[in-house]
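A close look at one part of the following model is wanted, with cut-offs stated.

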Amino acid sequence: ISVKAYAPTPLAAKDPFALVPATLLVVLLIGGYMSAALLTTSVGSASARWRGVWLAGFSVVTGLVLDIVTTFWLDGFPEDSFWVAWPILSLIILVVALFAAVMRRLLGPAGIVVTLIVILQFGNPSSGGSNGAAYLTPFWNELGPFLPPRNAFLLLRNTLYFDANGITQPLFVLLAYAIIGAAVLGF
């Protein structure tokens, strides 16, 4: 039996334990939630028709800013992953923003609270970001694959550090959330 050595992408200089993606996940989740909340405050509704375009634009710009800050200022991501990380960060923000807008449309003002509970209170702990999914209790481990945070973390981490291995399910789950959210807002 021959064993072939595999060397993953080297870690960023100031992130020797690869904790930046897990820490940044919280910022991305709050950014998505806040974008829908701020759009509601500024124009009266984040869930009106075509508001998804505003949320998408905000996601792209915010993803770029976070990628620049994380990669070049904080040295938290490897520099050669800048162009790959930007669309992933933008997608994560967009998914949460669309989820918040849809919940707002379906449940009224209580939709924002539901978003906080589902995404931050249940989703973030079940992501397994900072400690690994293998160390989660069965409840959190079984809940995680169905919520955006774990899929967002896996997509980001596996793309940055493992040459995009194992990203099919996380990518499809996030795209499903985005497409369904956009469709609900569009109609």
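Q: Please go through the aromatic rings, starting with Phe72. Is Phe72 buried, partly exposed or exposed, and what is its relative accessible area?

A: Phe72 is partly exposed, at 44% relative accessible area (buried is under 20%, exposed over 50%, partly exposed in between, with a 1.4 Å probe and protein chains only). The model is predicted, so local features need pLDDT of at least 70 and side-chain atom pairs pLDDT 80 or more, while totals for chains, interfaces and linings use all residues. Residues are numbered from 1 along each chain as its sequence is written, and side-chain values use heavy atoms, without hydrogens or water.

Across the whole structure, 7 aromatic pairs are found (ring centres of Phe, Tyr or Trp, the last by its six-membered ring, within 6.5 Å; planes under 30 degrees apart are stacked, over 60 edge-to-face, the rest tilted). Phe72 and Phe82 have ring centres 5.2 Å apart and planes at 45 degrees, so they form a tilted pair. Phe72 belongs to helix α2 and Phe82 to helix α3, 10 residues apart, so the pair links distant parts of the chain (helices are DSSP runs of H or I, at least four residues). Unlike partly exposed Phe72, Phe82 counts as buried at 8% relative accessibility. Together with Trp83 and Trp86, Phe72 and Phe82 make up one aromatic cluster.

Another pair joins Phe139 and Trp140: centres 5.0 Å apart and planes at 75 degrees make it edge-to-face. Trp140 is partly exposed, with a relative accessible area of 24%.

Definitions and conventions:
Helix = DSSP H or I, 4+ residues; strand = E, 2+ residues; numbered from the N terminus.
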